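Please open the structure in your viewer and keep the selection tool at hand, since this tour moves from one selection to the next. At each stop you will be told what to pick and what can be found there.

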Amino acid sequence: MVSTETYQPNWAVRAVTTPTKDTDLCLYVSFDNVRFLFGCGEGTQRAFAQKKIGFSRLGGVFIGSGELKGRGGLPGVLMSASDAGIPKVDVIGPPDISQYLATLRSSVIRDTLTVNVIPYPRDVASGTSIKLFESRNITVHGVALVPRLNSSSINEVNMVHPPYDPYSATFQPSHLSPSDLQKWCDHVVRDMFQNNAQARLSKRAPSPTPPPTSPRLGSPFGSPKRPRANNVFLAPDGTINAARPDPRAPLPLPSDADVETQMVYICQAPDVRGKFDVAKATALGVPNGPLRGKLTRGESIEVSDPNVEGGTRVVRPEDCLIGGGKGGTLVIVNCTEKTLQALLDCEALRQWQKKTRAGEKEGEGGVDVMVHRVPRSVWGDERYQAWMQSFGEKTKHLIANTTPATDHAVFNSAAWNTLHLSLIEPTIFHPPFIRHPSTSFTSLESTLPSNVTFIHPNDFVKMYPPSPLETFPWHEKDLPFTVTENQADDAREKVKKEKKEYGEVCEKARNTVQQLEMEKAKAKEMGNGNEHSDDIVVTTLGTGSAIPSKYRNVSSTHLTIPSLGGILLDAGEGTLGQLRRRFGDGLKSILEEMKMVFVSHMHADHHLGLNAVLEERFRLGITTPLYIVAPYLIALSLQETATWQAAGTEEGLKNVRFLCVERLGERISVDIPKEGDSQKIEWTQKEGGGKGRWPFVPLHGFSDSKIQRHYLRQLFVDLGLTAIYVPSVPHRGRAYGLVLEGNPAGKGGVKGKGWKIVYSGDTKPSQKLVEAGKGATLLIHEATLEDDKPEVAAAKGHSTFSQAIDVGREMRAKYILLNHFSQRYPKLPKLPMPTSVAPGVQAPSTSIAEPTGVVDEIAILSASSTSLEVSTEPIVSISFDFMSLRLGDMWKMSYYMEGLSMLFAEPEDGEDVVEEAQATEGVNAGGKEKKEKGGKKDKGHGKESAIAKGRGGGKGNDTVVAEPALKSKRSLKKEAARAIKAKAEDERVAASMTGVAVGGVQKEAKEKRAGSPGLEGPDCKRRSTDVEESGVEEV
């Protein structure tokens, strides 16, 4: 290892994200051998994928505050780091950072990653500088800015707490003192990430001699005289499992002061010693030999010099060096209005200000770069501006405005992708237009000093060697999306000019659809009108699986049921950002009308965004009832999390009504109570944060079923339901589907046919779900993998595309929407897509060219049926992020498939996405070496790669190869021969076998093919603590 004496830091700071609708500030501090993150809001790991930055050398994550928006992406980053093969990550943050991670113990677990949590100590005064982290690269001191305690928090400080003894029969985390709670939460985190000696040590049985101060369990092996245990963490063999999530022993709620705490980080690289100058040493009379060696080791020496008094002269190391100097100092300030006074009064930063030592020039020996994550009310305050200037003119100040007046896109690839899709049908595909465009802050910067500016994404400054602020070059696949809604038509015209053939195909498809719509309108006039369920709108916010990618976020779907309200199906990380981008200024209305949130299971990609959605509702002043139907561990996590509760009023918290899926059981039909008939619920105050907190009523274990019945009755009234069923489905761990039956009449009394919506969550084909969903209006079913990987899908508890469609056929669903696609298919999944015409309408004769390229398995069938009969086949569609699809318009999607195949046939830089998806899904057996190679690509080197287009032979479909710009004649001939052969085989099969009619064309069930090499590897899917089902369906 290189010693600190000779080590020369080469480090820089880059803004990966800044505060926006999707993300918070994230600074990427890079050294030659390690990387650090400062700030980790929701969307961080997706932003890394967008900007082609890897996690291969991540060494530490620094959390800037107790707010959710600055730490919501930490779980995803840790799991991605583990999947990248990183053995250890340090997490440094405010006093409650261990407690925050401990609340995630039911879904965020890795046994191959060591997470070393370093919280700011609770037993030191606010504003005290504490060394939190030190390595050969950097030393970081932290200062916690804690707002003034209110009276209730002071009362908590004076409470008497029991001694810390995790082996005690009466041990309860909620009764611990703040310092003991921090110790316990550190223990929980060690057990969550078990690749460390301390975690293994905690699994050992306790000493046989119990302490006399607390009642403990007698024999660790369970004798007949052993008292009954209330300690849920103590196993029968006497070991402790601190990471066990149990509603009987919840963590206490963090205080309001914890939520409002802000951190200041002072980062210093070691000083750089200059290069030894032989000429200088000779001129100073230093002889060759050991004396020069002492100088190079940093020691002063004495040399003979008859010209000075005493005959000897002292030579210091710096006298013989050229170059060198300060290694660089970076300060990151997180501050709000509530902590502003604490910052101004802080003594820890006095030494860095210009009035330090007598005679020192202004700005020398001070801070090189200071980044301020502050709202406008703070950076615009005269006191704060004067405080910034006290560090001298040489300090660069970069402001990350947490209340931005302007808007910019973060996930540019998805935005441009949706704009191109909107050329097909702008009423279905809604680009995330920029609402308040501006790429500069000129009007705001004019009031600031010359050394103060606003920080933008990709801003980059080298700390050593020092350099001015510059902008990191934008990757060609990450060009900023700057289109506003007013500029949408012009932007689409530009796309038409750039992609002429694509534009022509889109226009032709729209003309076909318009003709069919006219025929449909005539049919409606003749009495075959639309059903009320056709007006239900499905908005897919996240359509990817496991990890977010540039094009697809993780799971979340919003349903709008006219006159009744909205339903959110799962809420993966970044759901709030997707809602903001999709609905813009209409977000408040969407959240007000949202009546229900359903969480299908405890995998992190399905629920990490829930807290942010709840917090946003309260921030907007929404207190209307919201029903959360989810596993009981979701209730435990909500109960232990303060950030969303701190924003809510008592009325709003009481109206967050939880229904435990484990207690719903079989199909439930509740009679609507008569007007005025309601059950009285007793509300009780819960300890935490110094005041009453959610849930106010018992929800866990064998709690009073009257509460659940009351909530169910109210849910049925508010959503117009006639039945609800939450069947268990086969997945890795406990998972549930959802079946809702409703009456479109709702509260208005309008007669009409009811609707039935089925949501699969993550599952293999499930007969239980089929039976529950018989006659469904809409089936939303996961389709994670393509049809040639049935063994892989079964091993991981997922479905293939055809399996999902077959489930819909078996339950006689009218509409099928496929989602939850593997991120190995970055844009368009490869699936056989049936084509259906508008129900009961004669399709015009059209000729649609056979597709080529990446979607050559998509069966674009000729819409030439002349039958006027209503098809009994389901209408099937795939989904994209930011797609809002009215059920009555789903039939249009089949006519748009040619455009989709053409749009996504171009080579895609999918190697990074594919490798990450393979690692997460257990495809890449030798993941570590490949990840290291993939990490090198993040520096911008290497050629773009694409998913192999050729699919002949059925093997090697996952191979990632470089795609040439032009195909050779030989390749074109082979493709033509394969197409002719495939067509002949289809005709032979159609003549000899009884197929399944799809849109008027018979389709043979595909024979299962062996998976690609390496697919037998163990699944690395983010697991909950539930026991895995090993592919066996739950009963």
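Before the first selection, one term is needed: a residue counts as buried when its relative accessible area is under 20%, as exposed when it is over 50%, and as partly exposed in between. Please also keep in mind that the model is predicted.

Begin by selecting lysine 88 and aspartate 90, whose side chains meet in a salt bridge with an N to O distance of 2.8 Å. Which of the three classes does lysine 88 belong to? Lysine 88 has a relative accessible area of 40% and is therefore partly exposed, whereas aspartate 90, with a relative accessible area of 7%, is buried.

Next, select arginine 248 together with aspartate 246, which form a salt bridge whose closest N and O atoms are 2.8 Å apart. Is arginine 248 buried or exposed? Its relative accessibility is 55%, so arginine 248 counts as exposed, while aspartate 246 has a relative accessibility of 5% and so counts as buried.

Now move to lysine 756 and glutamate 741, a salt bridge in which the closest N and O atoms lie 3.7 Å apart. This pair links distant parts of the chain, for lysine 756 belongs to strand 30 (residues 755-759) and glutamate 741 to strand 29 (residues 738-742), the two residues being 15 residues apart. Both lysine 756 and glutamate 741 are buried.

For a group rather than a pair, select Glu517, Asp535, Arg886, Asp889 and Lys892, which are linked in a network of salt bridges. A search of the whole structure finds 38 salt bridges.

The last stop is the second largest pocket, which has a volume of about 1600 Å³. To find its centre, select Lys69, Thr402, Arg580, Glu616 and Arg619, which lie nearest to that centre among the 49 residues of the lining. Then colour the elements that each give two or more residues to this lining, namely helix 7 (256-260), strand 15 (369-374), helix 17 (575-583), helix 18 (587-593), helix 19 (610-619) and helix 21 (643-646). Which element gives the largest share of the lining? That share, five residues, comes from helix 19. If you finally colour the lining of the second largest pocket by residue type, you should find 15 nonpolar, 13 polar and 21 charged residues.

Definitions and conventions
Residues are numbered from 1 along each chain as its sequence is written. This is a predicted model: local features need pLDDT of at least 70, side-chain atom pairs count only at pLDDT 80 or more; totals for chains, interfaces and linings use all residues. Side-chain values use heavy atoms; hydrogens and water are left out. On a 1 Å grid over the protein atoms alone, a cavity is a set of points where a 1.4 Å probe fits but cannot get out, and a pocket is an open set with protein on both sides within 12 Å along at least five of seven lines; lining residues have an atom within 4 Å of a point. Grid points are joined across faces, edges and corners, and a volume is the space filled by probe spheres set on the points. Helices (H or I, at least four residues) and strands (E, at least two) are DSSP runs, numbered from the N terminus. Ala, Val, Leu, Ile, Met, Phe, Trp, Tyr, Cys and Pro count as nonpolar, Asp, Glu, Lys and Arg as charged, and the others, Gly among them, as polar. A salt bridge is a side-chain nitrogen of Lys or Arg within 4 Å of a carboxyl oxygen of Asp or Glu. Buried means under 20% relative accessible area, exposed over 50%, partly exposed in between (1.4 Å probe, protein chains only).
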